[in-house]
Amino acid sequence: MKSIRKTLLLSAMAACFLGAAGMAQARDLTIALRSEPSSMDPQFHSLTPNTQLSETLFDPLVRTDGTAKPIPSLAESWTVDGDVWTFKLRPDVKFADGSPFTAQDVIFTYDRVPKVPNSPSSYSLYLSSVDKVEAPDPHTIKITTKGPSPVLLANLSMVPIMSHKAAAGPAPEGKTTVELNRGDGLVGTGPYKFVSWKRGAEIVFERNEHYWGEKPAWDKVIYRPISNSAARVAALLAGDVDVIEDPPTDDLPKLKNDKNLYVQETPSVRVIYLALNQGQEVPPGMSGTDGKNPLTDKRVRQALSLAIDRQAIVERIMDGVGLPAANLLAYPAFGTSEKHSKVAPADPEQAKKLMAEAGYPKGFTLSLGSPDGRYTNDKRIAQVVASMWARIGVKTDVETMAPPVFFKQRNAFAFSTYLAGWAASSGEMLNPLNSLVVTKDPTKGLGTTNWSKYSNPEMDKLVAEASKTLDDDKRSQLLQQAGDMAMEDYGILPLQFELSVWAMKKDIRYGGRADQMTLAQDMTLAQ
């Protein structure tokens with residue numbers, strides 16, 4: 001009897017120690033973001049600061065892994081027969097409020113996308129090939145596409161599934177963006193659930209106890225927007241945050257040599273580019289052109305491109321943490337052309353000749369809009385581009401501002417030219433072509449981020465044909481032709497491809513992603 005009591009006492013003590021150890025392992029994670037999201041509405045703005053948070057609260061039917069490969073999520077399997085895709089939904093999945101996930105939530109979500117008003121970069125892009133969505137039963141979704149849709153899975157990975165019950169409302173889109181920003185109706189099936197958002201200060205998520213997948217490592221995740229890169233580093237070194245996005249490139253050697261830190265570098269699919277307002281009217285910020293818009297002249301666009309030393313930007317501004325870009329996606333990604341795999345050297349003298357041929361030997365004045373803190377060294381890159389354009393007589397007024405203000409101004413065509421970035425979520429050329437250079441047509445979900453008024457009908461036809469071509473070789477050839485056409489028309493000016501970098505405390509690991517998203521659910525304690 002005495003032996004039994006002793007055994008029970010030891011067992012109880014062991015249980016207490018194990019419980020205490022378990023409590024000790026429970027930990028919050030604080031992440032310093034380089035840019036605050038513009039909205040919590042998962043369908044308002046296709047922008048990485050937004051999508052990375054919505055992917056933490058919600059799940060899509062299919063998600064992509066760190067290398068942009070589609071993998072199961074809320075759909076555990078799928079089949080395709082011609083233009084009909086059938087998705088079998090994961091059973092027994094619950095939303096964060098405990099309500100069951102069914103096919104009705106998928107239909108509500110996809111129906112809501114085109115109804116969201118004033119979207120700066122619409123999610124309609126990702127459903128542009130979808131003709132009809134049906135639910136044969138509560139756990140099956142049948143999607144009929146407008147002809148073959150080779151990148152449907154990658155596109156669906158960008159559309160998080162909302163709760164039809166929680167997000168319903170009297171507005172055409174149900175809960176409005178304003179309501180969702182308050183957290184009203186912001187209910188998903190993801191690993192975390194929304195707690196609060198204090199603009200400019202912090203965003204708080206906590207673990208979703210109803211989550212169907214592997215339990216994430218952190219009880220609570222606190223996001224702190226710190227747009228100043230030096231301040232982000234200071235917060236990490238002081239121990240105020242656990243992980244930071246986008247440390248300054250000139251600080252990387254110091255951070256890599258700090259034994260208390262770990263630095264992750266991952267090649268990205270994000271291109272930083274310049275868009276040129278090619279409308280017939282004289283754009284804002286432009287003068288000295290006799291009432292014309294010189295950006296409609298290919299010779300002027302070519303001159304502006306030739307004036308830019310992309311290699312110098314990567315070496316001097318990015319400290320080598322990037323790759324000069326001659327296309328919208330780095331070669332040899334699917335659909336990229338070897339013809340535009342390397343940048344042409346800067347040639348200011350040839351640029352001046354082209355300017356003179358176009359009738360602007362003395363140049364003119366234009367404006368260059370840029371976010372300050374959205375992309376790595378974005379403000380500095382814009383300023384350097386302005387100095388390079390000045391060498392060929394183009395006086396450039398650089399207008400930099402906080403990212404939310406910039407995107408609003410960009411979408412109002414407030415600049416002659418602007419600097420921005422785009423991550424090709426599908427890992428192939430169809431995505432950036434469809435978004436950035438195809439003629440804007442909101443009703444078809446095309447050109448959703450083409451805010452330059454660029455239009456090339458011949459290129460549009462190639463992209464449209466590629467979007468319906470299942471044969472990989474044929475689709476690649478069509479995309480290469482379309483990409484070549486856009487580059488040789490100088491319809492958009494790629495500058496560089498970003499290398500994604502995160503710095504974190506030594507006991508944390510994050511493998512990074514090609515799409516540059518910072519996903520708390522993929523962060524773990526080092527083994």
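This report covers selected helices, a hairpin and side-chain pairings in one structure. The model is predicted.

**Two helices with a buried face**

Helix α11 spans residues 378-390 and has 13 residues. From first C-alpha to last, α11 reaches 19 Å. That is close to the 18 Å expected at 1.5 Å a residue. Its buried residues are D378, I381, A382, V385, A386, M388 and W389. Viewed down the axis of α11, these buried residues fall within an arc of 165°, so they line one face of the helix. The general geometry is familiar: an α-helix has 3.6 residues a turn, so residues three or four places apart point the same way.

Helix α10 covers residues 348-357, and its buried residues are A351, L354 and M355. Down the axis of α10, they fall within an arc of 100°, so they too line one face of the helix. What do these buried residues pack against? Their partners are α8 (298-306), β14 (364-371) and β15 (394-401). The face of α10 turned away from the buried side carries E349, K353 and E357, which are exposed. After α10 comes G359, with a positive phi near 95°.

**A hairpin**

Strands β8 (residues 192-198) and β9 (residues 202-207) run antiparallel and are joined by 6 bridges. Together they form a hairpin with 3 residues between them. K198 has E202 of β9 as its bridge partner. In the turn, G200 has a positive phi of about 80°.

**Salt bridges**

The structure holds 25 salt bridges. As a general point, side chains of opposite charge can pair when their charged atoms come close. Three of the pairs are listed here with the relative accessibility of each residue.

| Pair | Closest N to O distance | Relative accessibility |
|---|---|---|
| D111 and K115 | 2.6 Å | D111 40%, K115 35% |
| E134 and K142 | 3.8 Å | E134 28%, K142 29% |
| R475 and E428 | 3.2 Å | R475 5%, E428 6% |

Are the residues of these pairs buried or partly exposed? D111 is partly exposed, and K115 also counts as partly exposed. E134 is partly exposed, as is K142. In the remaining pair, R475 counts as buried, and E428 counts as buried too.

The bridge between R475 and E428 deserves a second look. R475 lies in helix α15 (residues 472-488), while E428 lies in the loop between β16 (417-423) and α13 (430-437), so the pair ties together parts that are 47 residues apart in sequence.

Salt bridges also form a network. It links R34, R232, D246, R270 and E498.

**S500 and its surroundings**

S500 sits in strand β17 (residues 492-505). Is S500 buried or exposed? S500 is buried, with a relative accessible area of 3%. Its side chain makes a polar contact with the side chain of Q516, at 3.0 Å. Leaving aside residues up to four places away in sequence, S500 touches Q264, E265, T266, S268, R513 and Q516. Q516 is thus named twice: as a polar partner of S500 and among the residues that S500 touches.

Terms used: Residues are numbered from 1 along each chain as its sequence is written. This is a predicted model: local features need pLDDT of at least 70, side-chain atom pairs count only at pLDDT 80 or more; totals for chains, interfaces and linings use all residues. Side-chain values use heavy atoms; hydrogens and water are left out. Two strands pair if DSSP finds at least two bridges between them. Helices (H or I, at least four residues) and strands (E, at least two) are DSSP runs, numbered from the N terminus. A salt bridge is a side-chain nitrogen of Lys or Arg within 4 Å of a carboxyl oxygen of Asp or Glu. Buried means under 20% relative accessible area, exposed over 50%, partly exposed in between (1.4 Å probe, protein chains only). A polar contact is a pair of N or O atoms within 3.5 Å; within protein, one must be able to donate a hydrogen and the other to accept it, and residues adjacent in sequence count only if both atoms are side-chain atoms. Contact means heavy atoms within 4.5 Å. The expected span of a helix is 1.5 Å times one less than its number of residues. The arc is that of the directions from the helix axis to the C-beta atoms.
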